[in-house]
Amino acid sequence: MTGTDDATIRRVEREDLLSVVRVERACFDEPWSYTAFERFLGEAGFLVATDGSEVVGYTVSDVTPNHGRDIGHVKDLAVRRDERGRGVGRRLLDRALASLAVGGAHLVKLEVREGNDAARSLYRDVGFQPVRRVPQYYGDGEDALVLVLDVAEWQVARNG
Ligand SMILES: CC(C)(COP(=O)(O)OP(=O)(O)OC[C@H]1O[C@@H](n2cnc3c(N)ncnc32)[C@H](O)[C@@H]1OP(=O)(O)O)[C@@H](O)C(=O)NCCC(=O)NCCS
């Protein structure tokens, strides 16, 4: 891929799942299983970025009802190592947030490793704010930071 405009972002189909799992395994020490991804087939927030027939990244997010203040959750986001730094992660996140907004989310939350500078920088840039730390959230003992985004504020910033 030569530029970000080459990537197509669309809903994940069953045929994409093996490629998604392959990217997941290359990106994370504690990867999701095939079955874990399979549960999100059909969700508006389960999106894949493709270049031709190749999966270059994906994201998983959903909305949980919460007494009229529904909460979106970005559960997973990854871009293939050789495709990073070209805007694919940002576009995937943007599309995920748009789908969560359409799905009624007022607030979006996610967890990120404290030491994940690239992801933290992306989330900060988009408008996520840290709200708390979860000690030893990950299997290797690293803390998670919980970040939240106000959807209405994000929409105002996004639409200029
Ligand atoms: C986080 C991740 C999805 C970003 O994807 P990407 O396609 O490389 O990101 P983009 O090219 O869209 O960059 C968007 C922003 O992220 C930040 N960023 C990306 N790579 C970075 C790096 N190596 N160092 C610091 N910031 C970085 C920057 O703020 C960047 O904005 P800029 O290009 O205007 O400087 C990717 O690094 C990844 O898959 N990491 C492994 C999996 C992971 O950690 N997922 C997040 C779990 S919470």
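**Exercises: the ligand and its shell**

In this predicted model, 19 residues surround the ligand, that is, have a heavy atom within 4 Å of it. The closest are Leu77, Gly87, Arg90, Asn116 and Ser121. Local features need pLDDT of at least 70, side-chain atom pairs count only at pLDDT 80 or more, and totals for chains, interfaces and linings use all residues. Residues are numbered from 1 along each chain as its sequence is written, and side-chain values use heavy atoms, with hydrogens and water left out.

**Exercise 1.** Find polar atoms of Gly85, Gly87 and Arg90 that face ligand oxygen atoms.

*Solution.*
- Start with the backbone. A polar backbone atom of Gly85 is 2.8 Å from a ligand oxygen.
- Go on to Gly87. One of its backbone N or O atoms lies 2.7 Å from an oxygen of the ligand.
- Turn to a side chain. Arg90 places a polar side-chain atom 2.7 Å from a ligand oxygen.

**Exercise 2.** Sort the shell around the ligand by residue class and by element.

*Solution.*
- Take the classes. The shell holds 10 nonpolar, five polar and four charged residues. Here Ala, Val, Leu, Ile, Met, Phe, Trp, Tyr, Cys and Pro count as nonpolar, Asp, Glu, Lys and Arg as charged, and the others, Gly among them, as polar.
- Take the elements (DSSP runs: helices H or I of at least four residues, strands E of at least two, numbered from the N terminus). Strand 4 (71–79), helix 3 (88–102), strand 5 (107–113) and helix 4 (117–126) each give two or more residues.
- Pick the largest share. Helix 4 gives five residues.

Definitions and conventions:
Polar contact = N/O pair within 3.5 Å; in protein donor to acceptor, adjacent residues only side chain to side chain.
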